[in-house]
Amino acid sequence: MSDDQTPTDPTTDASQVRYDQARYVNDGQYEPLLSEKDQTSVDIGDDGDSPLPDDLTRDSIKLPELSEPELARHYTRLSQMIYGIDSGPYPLGSCTMKYNPKFTEDVAALPSAAIHPDRSEESIQGTLELLYRLQDYLGRIGGMDAVTLQPPAGAAGEFVGIRVAAAYHEHNGEGHRNEVIIPESAHGTNFATAALGGYDVVSLPSDEDGRVDLGALEAALSENTAALMLTNPNTLGLFERDIEEIADMVHDVGGLLYYDGANLNALLGRARPGDMGFDVMHYNVHKTFATPHGGGGPGAGPVGVVAELESFLPAPRVREVGGGANGAETYELFDPEHTIGNVHGFQGNWLVLVKAFAYIARLGDEGLADASAKAVLNANYLASQIEYEIPYGPFHHEFVASAGDQDAADVAKRMLDYGVHPPTTKWPEIVPEALMTEPTEVESKDTLDRLAAAFNAVAKESNKVLEDAPERTTARRIDQTSAARNPRLSWHELAEEDT
Amino acid sequence: MNESDTHTTGSPYAPHTDDGRTVMLEAIGVDSVDELFDIPEDVRFTDEFGIDARSERETRRLVRSVLDRNTDLTELLGRGHYGYYIPSLVDHLADRSEFLTSYTQYQPEVSQGFLQALFEYQSLLVELTGLEIANCSMYDAATALGEAATLAERVRSTSGHRVLVPDLLRDGRRSTLENYVAGTDLTVESYPTDDGTVDVGALESTVDDDVVMVYAENPTVRGTIEEQLESIGDIADGADALFVLGSDPVALSLLQRPADVGVDVVIGDASVLGLPTSYGMGLGLFACREEYLRQVPGRLVGVSEDETDRRVFTLTLQTREQHIRRERATSNICTNQAWVALRTAMHAASLGPNGMVDLAKRGVTRAEELAARLDGLDGVQAPVHDRHHIREFVAHVDQPAPAIAEDLEKRGFAVHVVGEHEIQVCVAGVPDDDLDDFVATITEVVR
Ligand SMILES: Cc1ncc(COP(=O)(O)O)c(C=O)c1O
């Protein structure tokens with residue numbers, strides 16, 4: 001493609017949405033920092049009204065002192081300089097960017113949900129019942145015998161899995177097991193979690209079909225294997241067809257099989273990790289069960305296990321203890337016999353769990369199965385409409401296209417100009433210049449067509465055009481090197497720069 | 001409850017029409033959605049979960065009816081989780097869907113607003129702690145403490161392996177810490193406290209070159225204000241150990257600035273501002289000295305420039321993180337508590353420095369006043385510790401504490417039981433009227 005090609009102007013191309021992100025431009029910057037609007041220094045102790053002796057207090061504190069109207073504008077403007085799910089399609093592969101039903105915010109905001117964690121069990125039967133019912137829902141959905149809701153995110157769920165595996169092996173006198181096997185194409189948290197748990201990571205290459213290479217797995221397994229961590233469908237969207245054989249191989253050497261639940265949105269109602277031979281799994285409720293990602297969190301990463309591992313789960317868990325005075329079931333907290341203890345100071349991200357419960361209760365069996373069916377339909381339809389090559393299939397809720405001669409990161413920047421969010425880029429590395437795409441069930445055919453048009457328009461554009469993108473977003477292409485080479489991580493450092 | 005009322009079948013959040021679906025299937029070249037699933041027969045799930053679908057209204061009613069089983073109590077509870085009043089501004093603006101529904105800012109050009117809010121959050125913590133670096137969240141205080149210990153392990157200059165924590169440390173925090181160091185050669189040990197704060201003499205005698213981290217809290221879990229931070233810092237320093245302090249944004253607005261007393265890392269629950277009581281959900285505060293920059297866990301937002309040379313914000317130093325560094329990452333954290341950090345920044349901005357200092361001061365005076373009122377009752381001595389307090393304090397009760405707490409609960413109040421004859425009472429977020437009612441009630445109860 002020649003470099004002098006005129007770029008498509010997404011604002012005039014009729015097949016495209018005309019998109020310009022809001023921007024508030026000031027001298028050399030966008031919306032000013034709060035600290036640039038005001039800095040008020042408050043001295044402590046000088047006015048003689050400090051309730052503490054001077055040597056126990058700080059001297060002063062300097063922060064912005066702004067009125068409510070000023071703050072309302074500040075944060076409204078900031079929000080306008082963010083692309084969210086309600087702005088348009090957000091097909092980030094592996095992230096499952098679903099629409100977040102509004103009513104779940106209302107239930108999480110109920111005053112009866114605002115409970116202190118040290119309340120007596122008798123006085124929080126509602127909270128315990130909700131947690132119990134959610135444990136039960138998740139157990140059924142994953143085919144698991146017992147569930148803990150404590151882990152505050154997927155990676156924390158992985159950590160529970162790894163700690164449970166360690167405790168289990170230790171309990172069986174097999175504390176020597178020091179290796180966790182992870183496919184090369186896995187998510188970074190799998191590797192980092194295994195390392196945090198003190199394990200050596202054994203990296204597993206994929207076979208030419210993009211699945212677990214059974215020969216390589218055979219070679220990797222040994223009496224030192226603590227666990228194999230897998231996601232299924234894997235990060236290419238492919239179902240690990242040999243999953244039962246894989247489970248047997250892992251179990252034969254005494255290892256455990258861990259299921260990374262990030263891709264569960266492909267399987268709801270059609271297959272369950274527990275039925276495939278997985279021993280322990282996490283659920284990403286901020287993916288599969290539509291709780292909002294909140295710009296990076298909070299999420300929740302409940303963990304399900306088979307009966308054999310139940311006694312190792314984090315403490316406390318919730319159980320039913322029969323009828324109370326008025327006939328309703330009562331619930332209590334208890335510590336599993338061989339518990340690994342806590343992975344969170346309290347019981348995890350409660351408000352997120354309330355939203356997940358509401359989502360599951362709203363959709364029920366049919367809704368959940370339908371969500372997966374349409375997530376898979378959408379991914380396959382979108383794939384059929386885009387011109388980039390997709391080397392691996394058949395895929396389910398996501399596919400990984402290759403940007404070919406283009407730089408996937410540049411493709412992503414250019415897609416922003418078409419008013420859509422780009423896919424996840426450059427991962428998994430098994431696909432060169434990967435565009436990992438997961439539209440989820442929430443997009444209509446029209447939106448998918450628009451998304452496909454954006455992919456296809458960018459596919460035809462020159463590298464020069466791509467490198468200059470984006471041009472319709474609040475900020476233009478950002479210099480990452482400068483940010484890292486000269487780290488400025490607070491407004492204090494900006495003030496120093498000026499002087 | 002009627003679970004089989006009318007409602008949509010299928011996901012209410014998937015906007016497909018039947019016609020659209022047919023066209024899509026044709027384009028793909030299959031006859032049915034089932035054909036798209038490449039799942040071996042043997043592992044197909046053909047059963048049902050047995051979960052009924054509900055309308056939105058029914059679902060709301062269900063959740064409300066379940067949560068209505070929670071007793072409505074006036075909570076005088078703290079010990080690391082507080083229920084300060086949250087200004088309406090926070091809910092209304094944080095709930096704007098661009099904040100709520102966006103992902104981590106991997107495309108900074110289209111995410112400037114969130115990045116700026118996180119940068120402002122980091123700056124708030126830099127101001128409060130006096131330390132140069134604050135990340136934009138860990139999960140909660142306990143996991144932040146665990147991350148501080150793994151940081152200590154990475155940066156240690158000696159071969160030491162002991163992590164020292166106060167004997168008063170909450171069980172959940174200690175247990176989380178132990179899980180975080182289980183994969184290292186670090187071990188967690190308690191050191192004694194004396195009358196509610198660090199027993200500096202005892203600490204000094206247990207510290208040796210084998211110590212890599214000394215952890216203390218200000219305020220402590222019993223609401224006391226630590227008076228010897230500098231000595232603790234010196235002791236840690238003498239052993240080349242990291243001095244890690246647990247605190248929170250309200251306390252930090254008034255109490256000694258960590259950087260002034262030799263603290264290397266501050267951890268804690270920053271959602272003391274920003275979240276109501278949320279059954280322990282929190283926001284892990286993590287701030288540290290600049291020299292540990294390359295070893296910091298979690299996300300960092302920094303400043304850069306865009307192509308038009310304007311100042312912009314972006315995630316930076318990502319080579320520390322799991323998606324790049326994998327098993328050599330400084331932490332496994334990915335999804336964090338970003339939206340809570342936004343709320344914390346909003347709450348702090350709404351208070352302003354005067355409001356924050358005032359809130360902290362009132363925590364001291366109101367706790368002191370309530371303690372004095374309880375101390376006047378027969379069979380109650382408060383506070384137990386001869387220390388300054390903020391927000392909460394421990395009271396001795398002559399009668400068994402569990403019985404007192406139970407009786408109080410029947411009358412609408414929740415307090416902590418922290419010993420056979422000790423209750424703990426917290427004033428944070430509790431209006432004056434409710435405190436008056438509480439005093440009247442406990443007067444009856446202890447009579
Ligand atoms: C495949 C996979 N595994 C694990 C994770 C980690 O989950 P979390 O971000 O909730 O910690 C992710 C999240 O992006 C993922 O995509």
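How do the residues of the shell around the ligand divide into nonpolar, polar and charged? In this predicted model, in which local features need pLDDT of at least 70, side-chain atom pairs count only at pLDDT 80 or more, and totals for chains, interfaces and linings use all residues, side-chain values use heavy atoms, with hydrogens and water left out. Residues are numbered from 1 along each chain as its sequence is written, while chains are lettered from A and ligands numbered from 1 in the order in which they are written. The shell comprises 5 nonpolar, 7 polar and 3 charged residues, where Ala, Val, Leu, Ile, Met, Phe, Trp, Tyr, Cys and Pro count as nonpolar, Asp, Glu, Lys and Arg as charged, and the others, Gly among them, as polar.

Of the 15 residues around the ligand (those with a heavy atom within 4 Å of it), A:Ser94, A:Asp260, A:His286, A:Lys287 and B:Thr335 come nearest. The site is shared between chains, because residues from chains A and B surround the ligand. Polar contacts (pairs of N or O atoms within 3.5 Å) join an oxygen atom of the ligand to a polar side-chain atom of B:Thr335 at 2.5 Å and an oxygen atom of the ligand to a polar side-chain atom of A:His286 at 2.7 Å. A polar backbone atom of A:Gly154 likewise lies 2.7 Å from an oxygen atom of the ligand. Taken alone, the ligand exposes 390 Å² (accessible area by the Shrake-Rupley method with a 1.4 Å probe), of which the protein buries 99%.

Methods
Polar contact = N/O pair within 3.5 Å; in protein donor to acceptor, adjacent residues only side chain to side chain.
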